[in-house]
Amino acid sequence: MRKKKASSVALKMLMAGTGILLVLFLFAHMAGNLKIFVGQAAFDHYGHWLRDLGAPLLPHTGFLWLQRTGLTVAVLAHILAAVVLARRARAARPVRYAHRPKVQGSYAARTMRWGGVIILLFVVFHILDLTTGAVNPVGDKQHPYANVVADFAPSRWYVTLFYVLAIVAIGFHLRHGIFSALRSLGQQTPHGERRARAVALALSVVLVAGYLCVPFAVLTGLVK
């Protein structure tokens with residue numbers, strides 16, 4: 001029992017660590033996306049800079065592939081830890097009550113599962129759309145600005161709608177995830193929990209706003 005408890009603590013730490021890594025990537029990616037407001041030349045230069053980052057030590061796009069590999073490992077470890085912890089939680093409560101009391105918790109916590117599915121589908125589509133260009137109207141790796149503008153054009157409102165849904169899901173997921181990570185890392189006093197909730201809410205709102213301003217700017221003609 002003691003070993004199982006210790007391994008559960010380790011899994012929670014793994015979830016927290018990989019979650020923090022993914023959050024850092026999301027904010028770095030958001031900062032890069034916002035360069036689109038500087039202009040086409042700046043945004044295209046940023047895209048080319050990412051592909052050449054680390055040269056000549058790394059080959060062309062070498063940094064991006066290292067990043068993708070690291071993120072894939074982090075995501076898989078995050079999901080694996082979540083699945084194992086969820087199964088252990090269910091196993092600890094094997095008896096189902098006829099009148100189960102309402103679970104107290106935030107909306108974000110109750111939607112982590114379906115939010116995770118939406119996020120996974122979005123990541124797959126996002127890679128096919130703006131990374132490989134397979135489903136993008138332009139699909140030209142040399143002109144990332146044109147790819148983004150074509151992607152969120154008014155005629156492709158369904159793409160923007162899916163993007164909004166996915167980013168909002170990420171926001172809810174992030175809010176609960178950051179709060180859980182901060183608690184796992186020691187913020188378990190009443191004051192610490194209040195502070196963790198405030199930090200989680202603030203970061204999730206900033207992230208959602210930062211990502212959504214790009215498609216809406218294209219949709220309204222601010223970026224064209």
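In this predicted model, helix α8 covers residues 190-219, and its 30 residues, taken at 1.5 Å a residue, should span 44 Å; the C-alpha atoms at its two ends are 43 Å apart, which agrees with that expectation. The helix is nevertheless bent, by about 30° at Cys-213, and a proline, Pro-215, follows within four residues of that position. After α8 comes Gly-221, a residue whose phi is positive, near 90°. As background, most residues other than glycine have a negative phi, and most peptide bonds are trans.

The protein as a whole has eight helices and zero strands, and of its 224 residues, 33% are buried. Helix α6, which covers residues 144-151, has seven of its eight residues buried, so this helix is largely enclosed by the rest of the structure. Among the buried residues of α6 are Pro-144, Tyr-145 and Asp-151.

**The cavity**

Rolling a probe the size of a water molecule over the atoms shows where empty space is left. In this structure there is one cavity of 30 Å³ or more, and the largest cavity has a volume of about 40 Å³. Which residues line the largest cavity? The lining is made of Phe-122, Phe-125, His-126, Asp-129, Asp-151, Phe-152, Val-159, Phe-162 and Tyr-163. The elements that give two or more residues to this lining are α5 (112-131) and α7 (157-184), and the largest share, four residues, comes from α5.

Asp-151, one of the lining residues, is also one of the buried residues of α6. Val-159, another residue of the lining, is found in helix α7 and counts as buried, because its relative accessibility is 5% and the cut-off for buried is under 20%. The C-alpha atom of Val-159 is separated by 9.5 Å from that of Pro-215, although the two residues are 56 residues apart along the chain; Pro-215 is the proline that follows the bend in α8.

**Aromatic rings**

The structure holds seven aromatic pairs. The rings of Tyr-46 and Trp-49 have their centres 6.2 Å apart and their planes at 25°, and because planes under 30 degrees apart count as stacked, this pair is stacked. Both residues lie in helix α2 (residues 40-52), three residues apart, about one turn of the helix. An α-helix has 3.6 residues a turn, so residues three or four places apart point the same way. Trp-157 and Tyr-158 form another aromatic pair, which is edge-to-face, with 5.9 Å from centre to centre and 80° between the planes.

How accessible are the residues of these two pairs? The table sets out their relative accessible areas.

| Residue | Relative accessible area | Class |
|---|---|---|
| Tyr-46 | 17% | buried |
| Trp-49 | 43% | partly exposed |
| Trp-157 | 54% | exposed |
| Tyr-158 | 45% | partly exposed |

In the stacked pair, then, Tyr-46 is buried, whereas Trp-49 is partly exposed; in the edge-to-face pair, Trp-157 is exposed and Tyr-158 is partly exposed.

Ring pairs also link Phe-122, Phe-125, Phe-152, Phe-162 and Tyr-163 into a cluster, and these five residues appear in the lining of the largest cavity as well.

Two rings have an arginine placed over them. The charged end of Arg-68 sits over the ring of Trp-65, 4.7 Å from the centre of that ring, while Arg-197 lies over the face of Phe-179, at 4.2 Å from the ring centre.

**The loop between α2 and α3**

What is the form of the peptide bond from Ala-55 to Pro-56? The bond is cis, with omega near 5°, and Pro-56 lies in the loop between α2 and α3 (62-91). Thr-61, whose place is in the loop between α2 and α3, has a positive phi of about 65° although it is not a glycine. Thr-61 is buried, with a relative accessible area of 18%.

Key: Residues are numbered from 1 along each chain as its sequence is written. This is a predicted model: local features need pLDDT of at least 70, side-chain atom pairs count only at pLDDT 80 or more; totals for chains, interfaces and linings use all residues. Side-chain values use heavy atoms; hydrogens and water are left out. Rings of Phe, Tyr and Trp (its six-membered ring) pair if their centres lie within 6.5 Å; planes under 30 degrees apart count as stacked, over 60 as edge-to-face and the rest as tilted. Buried means under 20% relative accessible area, exposed over 50%, partly exposed in between (1.4 Å probe, protein chains only). A charge sits over a ring if NZ of Lys or CZ of Arg is within 6 Å of the ring centre and within 35 degrees of the ring normal. The expected span of a helix is 1.5 Å times one less than its number of residues. The bend at a residue is the angle between axes fitted to the seven residues ending there and the seven starting there. On a 1 Å grid over the protein atoms alone, a cavity is a set of points where a 1.4 Å probe fits but cannot get out, and a pocket is an open set with protein on both sides within 12 Å along at least five of seven lines; lining residues have an atom within 4 Å of a point. Grid points are joined across faces, edges and corners, and a volume is the space filled by probe spheres set on the points.
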